[in-house]
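Work through the exercises below with the coordinates open, and try each task before reading its solution.

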Amino acid sequence: MEHRLSGIPQGRILSLDVLRGFDMFWIIGGASLFSNFFRLFNTPFTDSLVRQFEHTEWNGFTFYDQIFPMFLFIVGTSMAIALGRRKQKGLSKKELYKYVIKRFLLLLFLGFVFNGLFDFNFSNFRYAGVLQRIAFSYLFASIIFIHTSKKVQYGIAAFILLAYWAMMMLIPVPGFGAGQLTPEANLAGYVDRLMLPGRFCCYTFGDNEGILTTLPAIVNTLMGVFAGYWMLSEASQTKKALGLVAAGVASLLVGGLWGLVFPINKLLWTSTYVLWTVGWSLLLLALFYWIVDIKGWQRWAYPFIVIGLNPITIYVAQRLFKFGDVAQVFIHGFVEYLGDFKVVFTILCVLAVKILFLHFLHKHKIYLRA
């Protein structure tokens, strides 16, 4: 039996909103909720689950390492739909650029605000960041989308991944030589130390959203564009889902094999990390597409939908406003009696406040289109 939501425009790929909301759910409190819940049991199995909600220190991969690149992938898929629709309406390249630049500048500004722009402490200011990476990945992927054909776009994506590999392995770093992928000796970190002002995150010798590592991140967005092409094709829904699965498995195989010589590494955003995360993004999109759009099971996903329709809003808002203070108004009288469950219950309530805030925005059709 279908459980479709009312008020959804016909032809909209709702699974994309759900997947975006699912992705953001972990950032706005989901990861902390499940991590602290599993910590209550203190077994080897639950300890391994806790580890999945933390970033890998260097080489390797955890579930939480998937969250950011999947968002870039979804940005690309949404971009293929939004810009493609505008192309079909006959908008000129100048009009398309006006749309793209506006979104780029808004994302860049919000990224600086998120990092503390109005503290005016520029000597200790972090110029790189999550929203900045989204902004630049979106900008360059849009330029490629506007000016090139699909075949050329495929070639550009492959070229970037191979070129980044070659640069990281062949260009020598002063004092260390070429091909060093350690924290202190890698090329990306050296470029950041040479050219990027302010402070770094999230390792000492460079920024994990730094200058050179933005290149392969563009490919995450381009791969999302390619998925968008497939979703908009004339293929049947079942064929689309199977096509996403096949592409996802292929990406994982290539990324895994290549990873034997070029490790999967989030902080360096290696080419293998791109392929590995794109593979999982494709498989998750296929799963959500089958559940939400093909089977029509949608009502369960409403919390993810309201998150997915306003992802940048909640990302910035939770930095600027204390949703926890709102939750404490309702729970402060009894939460102290919950013992070991106090932390988990508090996180759950704060997460609920955030979702209710997004529900309010959705009901009043207030969206930050960034």
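A residue is called buried when its relative accessible area is under 20%, exposed when it is over 50%, and partly exposed in between. The model is a predicted one.

**Exercise 1.** Classify Cys 201, Cys 202 and Cys 349 as buried, partly exposed or exposed.

*Solution.* Begin with Cys 201, whose relative accessible area of 21% lies between the two cut-offs, so that this residue is partly exposed. Next take Cys 202, which has a relative accessibility of 51% and therefore counts as exposed. Finally, Cys 349 comes out at 16%, and because this is under 20%, Cys 349 is buried.

**Exercise 2.** Determine how many disulfides there are, and describe the handedness of the link between Cys 201 and Cys 202.

*Solution.* The criterion is a pair of cysteine sulfur atoms within 2.5 Å. Cys 201 and Cys 202 satisfy this criterion with an S to S distance of 2.0 Å, and the count comes to one disulfide. For the geometry, turn to the angle about the S-S bond, which is 50 degrees and makes the link right-handed.

**Exercise 3.** Locate Arg 126, decide whether Arg 126 is buried or exposed, and identify the partner of its side chain in a polar contact.

*Solution.* First, Arg 126 is found in the loop that lies between α4 (93-114) and α5 (130-147). Second, its relative accessibility is 8%, and therefore Arg 126 counts as buried. Third, with neighbours within four places in sequence left aside, the residues in contact with Arg 126 include Cys 201, Asp 207 and Asn 208. Last, the side chain of Asn 208 is the partner in a polar contact with the Arg 126 side chain, at 3.4 Å.

Methods:
Residues are numbered from 1 along each chain as its sequence is written. This is a predicted model: local features need pLDDT of at least 70, side-chain atom pairs count only at pLDDT 80 or more; totals for chains, interfaces and linings use all residues. Side-chain values use heavy atoms; hydrogens and water are left out. Helices (H or I, at least four residues) and strands (E, at least two) are DSSP runs, numbered from the N terminus. Buried means under 20% relative accessible area, exposed over 50%, partly exposed in between (1.4 Å probe, protein chains only). A polar contact is a pair of N or O atoms within 3.5 Å; within protein, one must be able to donate a hydrogen and the other to accept it, and residues adjacent in sequence count only if both atoms are side-chain atoms. Contact means heavy atoms within 4.5 Å.
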